[in-house]
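User: I'd like to understand the words people use when they describe a protein structure. Can we go through one together?
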Amino acid sequence: MTYDETLDYLYRQMPDYQRIGDKAYKPGLDNSLALDEIFDHPHQRYKTIHVGGTNGKGSVSHLLAAILQESGYKVGLYTSPHLIDFRERIRVNGEMISREFVMDFVEQYREQFEPLMPSFFELTMEMAFLYFAQREVDVAVIEVGLGGRLDSTNIISPDLSVITNIGFDHMKQLGNTLPKIAAEKAGIIKSYTPVVIGEAGNTEVTQVFIDKAQSVNAPIVFAELYMNNFKAERKEAGWLFHANGYPEVKGELKGPAQDKNARTVLTAVEVLLETGYDIPKEAVYEGFANVTAITGLMGRWQQLQTSPRIICDIAHNAHGIRYVAEQLQSENFNRLHIVFGMANDKDINAVLSLLPQKAIYYFTKASVERALDEKIVARQAEARGLKGESFSSVEEAIEAAKENADKNDLIFIGGSSFMVADALPLFLKS
């Protein structure tokens, strides 16, 4: 099979949750453990760091990978979803997995894994683990896919677990209260393994984490308490962070909540130092300043055009959109244009209630099965006083926004990672 045929096979045989939603979700570790047995537990051949949470786990994973790489480690990075190319999910020192490895993996092992009927995520995770082992990485940063306790990545025994924050998302799978969601996320806390909590949120959630950590004798560190002197300033070129031992850290990522992500990462670095990692301070500065070039990270308050300014962000739930709305309020522009669409399993009313009224909207849907019909989005938005028109594709909506916008206007593209995935190729190809 060619590379494209191999990807078609993977999507067809092992449906991807990111594309079709609940029908592809397989909770539990049985398949992952069985797959891991087939490949002789490749993740045991290198160190791992496990990163979960509702939002920010992608940014935190990439920042940690960048810092470790700048420290001289050979670093594997496993994240999801991808935006343009499947290979974005699996990287070593920022370089995507080769097409040849993807093709060879399927061709060589399909007779062994097909009887298990693994999900797309389970199989691609094992592909990543094997790739990292064959590339002889020193450490791999592994991002949780969904939840934590029953997520297929939870078969690893990391040096450090990180939980960025807790918000309402994937309630059907994880529960409809923050403590229930926190309990699922806390499932990545392992015996005698330190865990960093980025944002606890409230006392009930805090107690969930404390109880879980105590039950398995895991040292627990709350970044908000550990970095209690942490300060962050928004600058035109990004963020400027200040903390004990780390004055004037320039953060390249400009988007909302990157101050909270930075505090989480700096705390994680300190904990890793205590566990024996060698991380020079200059590596921390370099990692924060050049994370996109080092790791290939995309879609975090990413500027796609300057006149008019066009920005995209993958925030896709109320917890993340709240920060986007705050960021938009702090931007300078004549008029605000928002190209907007959502996945069909998100709480649309909670998200729409956070969006600015003073904006021109272009409602659309991304090119995946999980995308919510643009007319439904428009109707719900209109009921909340958000005015705009509907478009059948992201490309059409963006073109309309560009035609209507003056050079001093701002166009924002968002609502789901799929919206960004459809938008990026339109700008990167030119």
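Analyst: Let's start with a term: buried means under 20% relative accessible area, exposed means over 50%, and partly exposed is in between (1.4 Å probe, protein chains only). Strands (E, at least two residues) and helices (H or I, at least four) are DSSP runs, numbered from the N terminus. This is a predicted model, where local features need pLDDT of at least 70, side-chain atom pairs count only at 80 or more, and totals for chains, interfaces and linings use all residues. Residues are numbered from 1 along each chain as its sequence is written, and side-chain values use heavy atoms, leaving out hydrogens and water.

User: What makes the residues of strand β2 buried or exposed, and which way do they point?
Analyst: In β2 (residues 75-78), Val75 and Leu77 point one way while Gly76 and Tyr78 point the other. All of them are buried, so each falls under the 20% cut-off.

User: How do you know that β2 pairs with β5?
Analyst: Two strands pair if DSSP finds at least two bridges between them. β2 and β5 (residues 139-143) have four, in the parallel sense, so they pass. Val75 stands opposite Val139 there.

User: And what about β2 and β3?
Analyst: Three bridges join them, running antiparallel, so that counts as pairing too. Tyr78 has Ile90 of β3 as its bridge partner.

User: Why is the chain called as compact as a globular protein of its length?
Analyst: The chain has 18 helices and 17 strands. Its radius of gyration is 21 Å, close to the 22 Å that the globule rule gives for 430 residues, so the name fits. That radius is taken over C-alpha atoms, and the rule is 2.2 Å times the number of residues to the power 0.38.
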